[in-house]
Amino acid sequence: ACMDRSTQEFLVGVVAAATVAGGLSLYVATPYALAVGLAAGTPSLVRTSARLDRDAYDVDHTSTEQVVDGALAAGASLSVGLVAAHFAVTSGYDGPIAAAGVAALGVLAGQSAFYARTSEYTD
């Protein structure tokens, strides 16, 4: 079956996030594992946003610039996610609600960083 590039990248991002988070959760509290996993998937996931004019973005950005954009998004996702995870765990929350909060904040931070860099290509 032939998938378009966005679908492939989205799946790569989800698989990266799940693999990293799943592996790390054996060693650290789930919110921390989730924060790192989401950061791993962020570069692929942000580029698949329906809000992004992907063709124009690809034409105007070298692969190096795209890697930088992805790395900045991942860094924002990781740092915010780890801070949120630390706050959750030190406050005594290590369950699904804490993990969901970490995920939401981390994803929001990653998207915000990416959109700030690519605002002329988003709706």
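**Close-up views of a pocket, a helix and an aromatic cluster**

**View 1. The largest pocket and its lining.** About 160 Å³ of space lies in the largest pocket of this structure, which is a predicted model. Helices α2 and α5 are the elements that give two or more residues to its lining. The residues that line the largest pocket are Phe10, Leu38, Thr42, Leu45, Val46, Thr48, Ser49, Val107, Gly110, Gln111 and Tyr115. Rolling a probe the size of a water molecule over the atoms shows where empty space is left.

**View 2. Thr48 and Ser49, two lining residues in a loop.** Thr48 is found in the loop between α2 and α3, and Ser49 is found in the loop between α2 and α3 as well. Are these two residues buried or exposed? With a relative accessible area of 16%, Thr48 is buried, and Ser49, with a relative accessible area of 18%, is buried too, because buried means under 20% relative accessible area. If residues up to four places away in sequence are not counted, Thr48 touches Ser6, Glu9 and Phe10. Ser49 and Gln111 are 62 residues apart along the chain, yet their C-alpha atoms are separated by 9.1 Å.

**View 3. Helix α5 and what covers it.** The 22 residues of α5 should span 32 Å at 1.5 Å a residue, and this agrees with its end C-alpha atoms, which are 32 Å apart. The buried residues of this helix are Ala98, Ala99, Val102, Ala103, Gly106, Ala109, Gly110, Phe114 and Tyr115. An α-helix has 3.6 residues a turn, so residues three or four places apart point the same way. What covers the buried residues of α5 includes α2 (30-47), α3 and α4 (63-90).

**View 4. Aromatic rings around Tyr57 and Phe114.** A search of the whole structure finds three aromatic pairs. In one of them, Tyr57 and Phe114 meet edge-to-face, with 5.8 Å from centre to centre and 65 degrees between the planes. Because Tyr57 lies in helix α3 (residues 54-60) and Phe114 in helix α5 (residues 96-117), this pair ties together parts that are 57 residues apart in sequence. Both Tyr57 and Phe114 are buried. Together with Tyr115 and Tyr121, these residues form one aromatic cluster.

**View 5. Arg51 over the ring of Tyr115.** The charged end of Arg51 sits over the ring of Tyr115, at 4.2 Å from the ring's centre. Tyr115 also appears in earlier views, as a residue lining the largest pocket, as one of the buried residues of α5 and as a member of the aromatic cluster.

Methods:
Residues are numbered from 1 along each chain as its sequence is written. This is a predicted model: local features need pLDDT of at least 70, side-chain atom pairs count only at pLDDT 80 or more; totals for chains, interfaces and linings use all residues. Side-chain values use heavy atoms; hydrogens and water are left out. Rings of Phe, Tyr and Trp (its six-membered ring) pair if their centres lie within 6.5 Å; planes under 30 degrees apart count as stacked, over 60 as edge-to-face and the rest as tilted. Helices (H or I, at least four residues) and strands (E, at least two) are DSSP runs, numbered from the N terminus. Buried means under 20% relative accessible area, exposed over 50%, partly exposed in between (1.4 Å probe, protein chains only). A charge sits over a ring if NZ of Lys or CZ of Arg is within 6 Å of the ring centre and within 35 degrees of the ring normal. The expected span of a helix is 1.5 Å times one less than its number of residues. Contact means heavy atoms within 4.5 Å. On a 1 Å grid over the protein atoms alone, a cavity is a set of points where a 1.4 Å probe fits but cannot get out, and a pocket is an open set with protein on both sides within 12 Å along at least five of seven lines; lining residues have an atom within 4 Å of a point. Grid points are joined across faces, edges and corners, and a volume is the space filled by probe spheres set on the points.
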